[in-house]
Amino acid sequence: MPDDHVTSILTENRVFNPPEGFSRNAHVKSMQDYENEYRHSIENPEGYWASKAEDLHWFRKWDSVLRNDCGFFKWFEGGKINVSYNCLDRHFNNGKKDKIALIFEPEYGIEKKYTYAQLLKEVCRLANALKKQGIRKGDVVEIYLPMIPELAISLLACARIGAVHSVVFGGFSADALRDRIQDSEAKLLITADGSFRNGRVYPLKENADVALLECPTTQKVIVVKRTEKSIPMYPPRDMWLHEMLADSSIEDYCEPEQLNSEDSLFILYTSGTTGKPKGVLHTQAGYLLYAAETFKYIFDIKDSDIYFCTADIGWITGHSYIVYGPLANGATTLMYEGSPTFPAADRFWRVIEKHKVSVFYTAPTAIRALAKEGEELPNGCNMSSLRLLGSVGEPINPEAWMWYYRVIGKEKCPIVDTWWQTETGGIMISPFPGATPLKPGSATRPFFGIDPVILKEDGKEAGINEGGYLVIRKPWPGMLRTVWKAPEKYIEKYYGQFPGLYLAGDNAKKDENGYFWIMGRTDDVIKVSGHRIGSAEVESSLVSHPAVAEAACVPYPHDIKGQAIYAFVMLKKGSQKTEQLKRELSQHVGNKVGPIAKPDKIQFVDDLPKTRSGKIMRRILKAIAENTKEYGNVSTLADPTVVEKLAAERVQ
């Protein structure tokens with residue numbers, strides 16, 4: 001089917017029903033089943049979640065299911081639990097010790113497979129090593145690693161002893177790492193001698209050394225040998241992991257800490273609009289329960305499945321749907337190192353063929369990029385093992401959805417287009433693959449217990465197909481508990497606009513079938529390739545360059561990335577507007593924040609559209625970047641003539 005024909009039929013409101021054979025064996029077999037379960041979960045949420053929590057292992061059951069403490073929600077208080085035990089020991093004790101828990105597919109080197117017994121041993125040994133370094137319950141451990149098994153093992157080892165892990169994406173710079181360590185006040189850092197990506201080595205340890213110059217709380221650094229690259233080591237602060245684990249006193253079993261349900265599990269930093277990233281805090285029982293339940297039902301997981309999520313564990317998708325959700329269900333989870341296009345653009349398809357992957361979860365960015373390579377590469381691989389496809393990170397445009405469905409799924413695999421956030425802990429709106437009729441581009445219906453609504457500015461519910469703020473009315477177990485060290489920011493950002501209701505920060509609409517369509521961010525967070533980049537963080541890095549006086553960044557549509565960054569830059573007097581400077585500024589942002597945050601377009605400007613109070617009107621800059629000319633009211637600007645001048649000089 002040629003692409004132009006695909007595009008032409010997308011104007012129809014097409015619906016794709018689940019294959020009959022899939023529905024027959026699914027956890028949720030029909031929309032009637034879904035409606036019945038959903039109604040129960042909304043009418044009696046505490047009873048619903050309590051019944052689901054019975055599936056977990058508890059050292060002590062809870063006293064109360066849910067408590068609202070002035071807007072801070074507490075789940076399963078009084079309960080004693082261990083996340084690591086639930087992900088490993090529970091399956092080891094239930095006859096799955098020889099089942100493959102984790103498959104590692106490297107960019108360089110040989111694959112590794114860990115059974116549940118082997119993974120338990122590795123986690124316990126690292127947990128004991130951490131304890132030997134003085135790490136105790138409540139201490140923060142920063143983790144700055146590539147996508148290697150030690151990353152997943154580090155998370156589970158921290159969870160086992162009650163340490164709070166905070167993962168920093170391995171593509172981030174020294175400055176970004178420094179900011180996160182300073183905020184979390186981590187006592188120990190786990191990093192590596194480097195990471196492989198596209199045949200090159202990325203300097204993790206060197207970045208860490210620079211970051212730690214301004215991080216006095218971090219007294220110990222554990223280094224994983226991955227690349228064999230020669231790096232500086234600074235004993236006694238720095239220690240090689242393999243040398244630590246060679247110590248004969250490190251035991252193969254670590255008794256799991258009995259943790260309170262609301263003890264901290266991890267901090268994950270997510271970009272905001274007002275400066276430095278904020279630390280989203282997730283706690284033990286509620287997060288684990290929600291990750292486990294959403295994984296089970298949305299991916300309709302079976303014991304025989306080989307599940308492959310292409311996310312990085314540096315993001316929430318990797319936390320919930322590479323590590324915690326799959327392992328809590330006793331599944332086989334596959335993680336890979338590197339990029340989807342190296343050594344060739346059939347990397348994903350080769351991995352699927354090699355490991356007989358049955359459930360595949362990736363981002364629209366990757367789908368669009370690989371679709372541009374044509375059908376020959378995927379058609380050259382045997383992917384008949386696939387039975388379910390998933391999409392995550394941003395709304396998937398219908399053209400990419402159709403290509404994914406037709407070329408990768410061969411029109412036999414349902415697609416679960418999932419909407420959720422770092423803050424939500426797990427999937428909130430998604431099809432149930434055995435039940436939900438699919439509409440390309442729609443996240444469809446909410447998960448059990450999730451009560452979303454679209455509100456207008458005045459707080460009234462929006463009409464059918466009327467856009468507005470996406471808001472969640474009821475609390476759910478996987479929700480963030482607070483912003484690390486900034487509880488007032490938690491209340492203000494998530495519950496300030498509509499008191500008592502969680503504000504997602506996304507625009508959305510609901511159609512006549514009750515299906516939700518996500519329409520993008522309401523704030524200034526830019527979603528590049530599914531990764532949330534704070535405009536303020538990029539602007540701060542631009543202004544830190546000696547040639548720059550002021551900067552403003554907005555998103556604009558990009559065929560591959562979904563959104564890309566358009567930067568309006570005012571230079572200091574004496575600085576020359578050259579293409580060389582644009583390249584230098586782009587690299588400067590890459591060094592300060594990370595390569596993912598580099599602006600795709602930079603426009604040098606003499607002025608910015610500001611109100612008389614000095615506020616930059618970003619909606620106007622966004623309209624210029626998108627070339628829509630929908631500037632809205634410009635009469636409040638200090639100098640309305642600046643708008644047409646900026647538009648005339650727009651970067652093509």
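Strand S4 is mostly covered, with five of its six residues buried. I start there because, in this predicted model, a buried residue is one under 20% relative accessible area, and S4 meets that description along most of its length.

S4 covers residues 100-105 and pairs with S17 in the parallel sense, over four bridges. Two of the residue pairs can be named. Leucine 102 stands opposite threonine 333 in S17, and glutamate 105 stands opposite tyrosine 336, also in S17.

With S5, S4 pairs in the antiparallel sense, again over four bridges. Here isoleucine 103 of S4 has lysine 113 of S5 as its bridge partner. The two strands make a hairpin with six residues between them, and within that hairpin glycine 109 takes a positive phi near 110°.

Let me now place these strands in their sheet. In what order do the strands of the open sheet run? The order is S5-S4-S17-S16-S18-S19-S20, seven strands with mixed pairing. The edges are S5, residues 112-115, and S20, each of which pairs on one side only. On average, neighbouring strands of this sheet are turned by 15° against each other, direction ignored.

Two helices pack here. Helix H13, residues 316-328, packs on the sheet and touches S4, S16, S17 and S18. Its direction makes about 165° with that of S16, which spans residues 306-309. Helix H14 lies across S4, S5, S16, S17 and S18, and runs at about 145° to S4.

Between S17, residues 332-336, and H14, residues 347-355, there is a loop that holds proline 343. The peptide bond from phenylalanine 342 to this proline is cis, with omega near 5°. A second cis peptide bond deserves attention: it joins proline 235 and proline 236, with omega about 5°. Proline 236 lies in the loop between strand S11, residues 220-224, and strand S12, residues 238-240.

I turn next to the strands S1 and S2. Strand S1, residues 64-69, and strand S2, residues 72-77, pair in the antiparallel sense over five bridges. Asparagine 68 stands opposite phenylalanine 73 in S2. The two strands form a hairpin with two residues between them, and cysteine 70 in the turn has a positive phi of about 55°.

S1 and S2 also take part in the packing of helix H4. In H4, residues 45-53, the buried residues include Tyr48, Trp49 and Ala50, along with Lys52 and Ala53. Those buried residues pack against helix H3, S1, S2 and helix H12; H3 spans residues 31-43, and H12 spans residues 284-298.

A further buried position is asparagine 86, in helix H5, residues 83-87. Is asparagine 86 buried or exposed? Asparagine 86 counts as buried because its relative accessibility is 0%, and the limit for that class is under 20%. Leaving aside neighbours within four places in sequence, asparagine 86 is in contact with Leu56, His57, Ile81, His91, Leu288, Leu327 and Ala328. Of these contacts, Leu327 and Ala328 fall within the residue range of H13, the helix that packs on the sheet.

Two other residues have a positive phi without being glycine. Glutamate 411 has phi near 60° and is found in the loop between helix H17, residues 398-408, and strand S20, residues 415-417. Glutamate 411 is partly exposed, with a relative accessible area of 47%. Serine 529 has a positive phi of about 50° and is found in the loop between strand S26, residues 525-528, and strand S27, residues 531-534. At 16% relative accessibility, serine 529 counts as buried.

I close with the protein as a whole. It has 22 helices and 30 strands. Of its 652 residues, 61% count as buried. Is the chain compact or extended by its radius of gyration? A compact globule of 652 residues would have a radius of gyration near 26 Å, and the protein has 24 Å, which agrees. The C-alpha atoms fill a box of roughly 70 × 60 × 55 Å, taken along the principal axes.

Among contacts with a separation of 6 or more, residues 24 or more positions apart account for 71%. The protein exposes about 24,700 Å², and carbon and sulfur atoms supply 49% of that area.

Note on methods: Residues are numbered from 1 along each chain as its sequence is written. This is a predicted model: local features need pLDDT of at least 70, side-chain atom pairs count only at pLDDT 80 or more; totals for chains, interfaces and linings use all residues. Side-chain values use heavy atoms; hydrogens and water are left out. Buried means under 20% relative accessible area, exposed over 50%, partly exposed in between (1.4 Å probe, protein chains only). Contact means heavy atoms within 4.5 Å. Two strands pair if DSSP finds at least two bridges between them. Axes are lines fitted to C-alpha atoms, for helices over the stretch in contact, and angles run from 0 to 180 degrees between N-to-C directions. The radius of gyration is taken over C-alpha atoms; the globule rule is 2.2 Å times the number of residues to the power 0.38. Accessible areas come from the Shrake-Rupley method with a 1.4 Å probe; for residues, only the protein chains shown count as cover.
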